[in-house]
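Welcome! Please open the viewer and get ready to select a few residues as we go along.

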Amino acid sequence: MKSLKALSAETLAKAGFLLLIINIVITPLCGQGWEANPAVVERLSKSRSEFNYYESKVPEYVLPDVLADSEGEEIVRPKEWTKTRRGEVLEMFRENVFGRIPATIYSKTFTLVNEDRNAMGGEATLKQIDILINSEGKELKIRLTMFIPNNVKKPVPLFLLIDNRGPANTDPARQTRSEFWPAEEVIARGYGIAVFYNADVDPDNFDDFKNGIHGILDRGERKPDSWGTLAAWAWGASRCMDYFETDSDVDCKKVAVLGHSRGGKTALWAGAEDQRFSLVISNESGCGGAALARRRLGETVARINSSFPHWFCLNYRQYNNKEDSMPFDMHMLLALIAPRALYVACADEDLWGDPKGSYIALYNALPVYKLLKTGSDMPEVMPPLNAPVSGGKVGFHIRDGGHNLLLKDWNWFMDFADKVWK
Ligand code: GTR
């Protein structure tokens, strides 16, 4: 399979040939797309000299063909993807990256603990729901907070944020406001907005999987493919979806799951595991998210497994410094979202999260979107700064500035949702 790199080179060669013949040079194709700012590259290289930030030093690589099945046969019918290949790819990510959810039986209840029909000066209804998980007497509480617009027809489409920054960003009383969860702006556009705090499901620290949902559902010895913390957070997003299915204010055919950074990795995995999410948004998810591992630009598999030993399953460590031996890469994680809507967002200065590697991954997930006849396409050349692009069920932007989730990002997510949800 050709990587975008290879395709672009080919196209550039063709374009160059053409320009030579017709003898006009307007803007060369390569100059139109985003390129990392050399000053940022320089600065980051100095601060983390053991990591590569230079495009010129990205090693040659070949991406596994997402449409070649385990026998090496090319999938050509949509049904073959849905019935066979999707399952194979999903298993690869369960087995090797995020780990498997245990089969332990648990009970679940939803309790409305707070409701204000006159929130935001009458614009919205606030609901807070405690999702209680119980297994053999051990209990876990996930607090789900949501606003539903009052003055629109119900049920409403809704955005669920996997919050990795803490409740200070998601104040239900709206005394404190944060662009990380811009509830007023989302309500003004007629959408519902919901959030849960990832640490409710599993605290974000390595304690040998004793705390959070691991302490409640895990049984026996930990296995190489036992779920890590990202998979636990993704599982938490699905429990919120379980609640939405009981709430007549929510249009469950139009629920987006979204997250930033570690939350973005989680949103992708939540969307892969749970096909009830009709739109998946990954904001600056980087390594272990949308960015291709093989490029080794910015954060690497070895680095993420050592700094965050609780995020992934143990099997992921076998690919530390051995990215080329992976039978998958992150374009295949993105392909698991098809035919549902997928949006990948990056930031100009967030080279640790490899924006270009994220765009190439998205581009290389397109064969599945095309096979499933979703009318999706993206330009070969990466879009420039602050110029969102979408084609059918896929969308992308790279925003100016650093690693963050801002109103500007949300506005572009909502523009995309306006299109795909109509
Ligand atoms: C970084 C980590 C990234 C990203 C980020 C975040 O330290 O290396 O993979 O997840 O944290 O979540 O903000």
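How far does a polar side-chain atom of S261 lie from an oxygen atom of the ligand? Select S261 together with the ligand to find out: the two atoms are 2.7 Å apart. Keep in mind that you are looking at a predicted model.

Next, add R262 to your selection. One of its polar side-chain atoms sits 2.5 Å from a ligand oxygen. Then pick K265, where a polar side-chain atom and an oxygen atom of the ligand are separated by 2.8 Å. Now show the surface of the protein around the ligand: of the 310 Å² of accessible area that the ligand has on its own, the protein covers 80%.

Widen the view to the residues around the ligand. Besides S261, R262 and K265, select E299, I304, F308, W311, W352 and H403. Colour this shell by class and you will find four nonpolar, two polar and three charged residues.

Our next stop is empty space. Rolling a probe the size of a water molecule over the atoms shows where such space is left. In this structure there is one cavity of 30 Å³ or more, and the largest cavity holds about 60 Å³ of space.

To see its walls, select C287, A291, L292, A293, R296 and L297, then E299, T300, V301, W352, G353 and D354. By class, this lining has seven nonpolar, two polar and three charged residues.

Finish by selecting E299 and W352. Both line the largest cavity, and both are also among the residues around the ligand.

Methods: Residues numbered from 1 in each chain as written. Predicted model: local features only at pLDDT ≥ 70, side-chain atom pairs only at ≥ 80, totals over all residues. Heavy atoms only, no water. 1 Å grid on protein atoms, 1.4 Å probe; cavity = no way out; pocket = protein on both sides within 12 Å on 5 of 7 lines; lining within 4 Å. Points joined across faces, edges and corners; volume = space filled by probe spheres on them. Nonpolar A, V, L, I, M, F, W, Y, C, P; charged D, E, K, R; others polar. Near = heavy atom within 4 Å. Polar contact = N/O pair within 3.5 Å; in protein donor to acceptor, adjacent residues only side chain to side chain. Areas by Shrake-Rupley, 256 points an atom, 1.4 Å probe, with all protein chains shown as cover.
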